[in-house]
Structure formats: structure tokens, C-alpha cells
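Reader: I should like to examine how the terms applied to this model are justified. Please set each value against its criterion.

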Amino acid sequence: MTIGTEHTVKAFDDEIGMLRGHIAEMGGRAEAAINGAMEALIKRDLTLAAKVIADDKAIDKLEADVEKLAVQIIALRAPMANDLRDVVAALKIAGILERIGDYGKNIAKRVGSLEGRRKIEPLSLLPSMAQVATEMVADVLNAFAARDAEAAVRVNERDRVVDDFYNSIFRTLVTYMVEYPPTISDAAHLLFVAKNLERVGDHATNVAEMVYFAATGEHMPERDRGDTVDAQNEG
């Protein structure tokens with residue numbers, strides 16, 4: 001290997017490392033957005049909610065950085081096979097993590113609407129649902145860093161837990177709306193929160209499928225995802 005070639009390979013490795021670093025930071029910030037928004041919701045903490053909303057700009061900037069770097073790598077390095085799949089996966093994952101950050105911001109925006117209102121019981125299920133969803137995000141990003149296809153499959157399989165949480169919360173909140181009409185406004189806000197968390201789980205499975213393809217060059221075998229109750233009602 002010539003010195004010039006060694007330099008090119010090192011530069012490419014450095015750029016891939018930087019790309020993965022951006023994805024890891026985005027993932028950490030997206031998880032923090034969901035966790036912070038849920039804490040603000042439970043505690044009715046408007047200051048924390050405002051911080052979650054403001055911090056979303058950092059996630060947006062990281063997505064732009066990933067896009068710029070990924071395009072640069074593809075244009076200048078012409079990566080092949082495994083390397084190209086990694087770069088393309090990182091580009092797509094960044095877009096998904098930006099949306100997950102948006103879900104955190106959206107939840108935080110609901111905190112003021114619940115300020116000073118009576119607590120409804122289904123609110124107690126939401127933190128557990130959020131924990132499963134954010135753990136899925138953390139685990140799938142670890143799978144991406146390790147190129148671990150089997151770990152990606154395990155994340156994909158856990159989405160059913162998030163869906164079960166959503167179905168339970170949906171039914172309970174609808175019952176509250178019918179039996180206690182004064183809770184309709186709060187229940188509607190909490191349904192919105194639950195739906196956002198359900199989408200976080202969905203996005204984690206989308207990332208899992210990309211990780212599996214990047215690691216193996218094959219598409220992840222499909223599983224029966226089941227239906228959430230609002231999807232059933234649309235049918």
C-alpha cells in the first residue's frame with residue numbers, strides 16, 4: 001500500500017468515525033428529548049419543557065451535519081458495498097432521529113395545556129411506555145455502531161410491547177372521556193402523547209431494518225406487527 005493510499009484510507013476511516021459520532025450524539029439528544037419531555041409532563045415543569053423545545057435546534061443542526069458529511073463521503077470517496085450501505089444507513093437514520101427529537105418537542109409543547117389540571121390515571125402508564133421506546137432507540141443505535149444484525153432483530157421484535165402500551169392507554173383514555181366528560185381535553189392531550197411514543201417505537205424498528213440491511217446486505221425478515229387500535233378503527 002502506498003503512502004497516498006494509506007492517507008486516503010485513514011481519511012475515509014476518520015470521516016466514517018465522524019459520521020458515526022454524529023449519529024450517536026443525535027441519538028443521545030433524541031432520547032434526552034423524549035425523557036425530558038416526559039419528566040416535564042409528569043411534573044408539569046414548564047421550564048424543563050421549554051428547554052426540550054429549545055434543544056431541538058441542536059438535533060436539527062446535527063442532521064444537517066450528517067447530510068453534508070454523507071454526501072461528501074459518497075462524492076469524494078466513492079465507497080463500495082458495506083461502506084456505502086453504512087453511509088446511506090447513517091443518512092437515513094439521521095432523518096429518523098430528527099423526527100424522534102420532534103416527537104419530544106411536540107410532547108413538551110403539551111405540558112402547558114395540562115398545567116394545573118386534575119391528574120388522570122392513564123398518565124401513570126406513559127413513563128413506562130416512554131422507557132421502552134427510548135431503550136429501543138438506544139439499543140438500535142448500539143446495533144448500528146456494532147453492525148449487529150441480530151441485535152437489530154431483537155429491537156424490531158420489542159415494538160409489540162410499545163404497541164400493547166398504546167392500545168391499553170388508548171382504550172383507557174377513551175373510557176375516561178365517556179365516563180368523565182370534564183377530562184376530555186386532558187385525555188386528548190395524553191392520547192397525542194401516547195401516539196407520539198408509539199411512533200418513536202415504529203421509527204426504532206425502521207432504524208433496525210436499516211441496520212440489518214447495512215450489516216448483511218439483505219432485508220430483515222418481516223414479522224407480524226399487529227395493529228394499534230386506531231389503525232383498526234380506520235379499517
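The exchange below takes up the fold, the pockets and one helix in turn.

Author: The model is predicted. Its protein chain holds eight helices and zero strands.

Reader: How do you know that the elements of the protein chain run α-α-α-α-α-α-α-α?

Author: A helix is a DSSP run of H or I with at least four residues, and elements are numbered from the N terminus. With eight helices and zero strands in the protein chain, the order from the N terminus on is α-α-α-α-α-α-α-α.

Reader: What share of the residues of the protein chain count as buried, and what makes a residue buried?

Author: A residue is buried when its relative accessible area is under 20%. Of the 235 residues, 46% count as buried. The protein chain exposes about 11600 Å², of which carbon and sulfur atoms supply 54%.

Reader: Which residues line the largest pocket, and what makes them lining residues?

Author: A lining residue has an atom within 4 Å of a point of the pocket. For the largest pocket, with a volume of about 190 Å³, these residues are L84, R85, V88, A89, K92, E209, M210, F213, A214, H219 and M220. Helices α3 (81-110) and α7 (184-216) each supply at least two of them, and α3 gives the most, with five residues.

Reader: Why is one residue in the lining of the largest pocket called polar and three called charged?

Author: Asp, Glu, Lys and Arg count as charged, and R85, K92 and E209 are in the lining; these are therefore the three charged residues. H219 belongs to neither the nonpolar nor the charged class, so H219 is the one polar residue. The other seven are nonpolar.

Reader: What makes one residue in the lining of the second largest pocket polar?

Author: Gly counts as polar, and G101 lines this pocket; G101 is therefore the one polar residue, beside five nonpolar and four charged ones. The second largest pocket holds about 160 Å³ of space. Its largest share of lining, six residues, comes from α2.

Reader: How do you know that D148 caps the N-terminal end of α5?

Author: A polar contact requires N or O atoms within 3.5 Å. A side-chain oxygen of D148 lies 3.2 Å from the backbone nitrogen of E150, so the distance meets that limit.

Reader: Against which helices do the buried residues of α5 pack?

Author: They pack against α4 (126-146), α6 (159-179) and α7. The buried residues of α5 are A149, A151, A152, V153, V155 and N156.

Note on methods. Residues are numbered from 1 along each chain as its sequence is written. This is a predicted model: local features need pLDDT of at least 70, side-chain atom pairs count only at pLDDT 80 or more; totals for chains, interfaces and linings use all residues. Side-chain values use heavy atoms; hydrogens and water are left out. Helices (H or I, at least four residues) and strands (E, at least two) are DSSP runs, numbered from the N terminus. Buried means under 20% relative accessible area, exposed over 50%, partly exposed in between (1.4 Å probe, protein chains only). Accessible areas come from the Shrake-Rupley method with a 1.4 Å probe; for residues, only the protein chains shown count as cover. On a 1 Å grid over the protein atoms alone, a cavity is a set of points where a 1.4 Å probe fits but cannot get out, and a pocket is an open set with protein on both sides within 12 Å along at least five of seven lines; lining residues have an atom within 4 Å of a point. Grid points are joined across faces, edges and corners, and a volume is the space filled by probe spheres set on the points. Contact means heavy atoms within 4.5 Å. A polar contact is a pair of N or O atoms within 3.5 Å; within protein, one must be able to donate a hydrogen and the other to accept it, and residues adjacent in sequence count only if both atoms are side-chain atoms.
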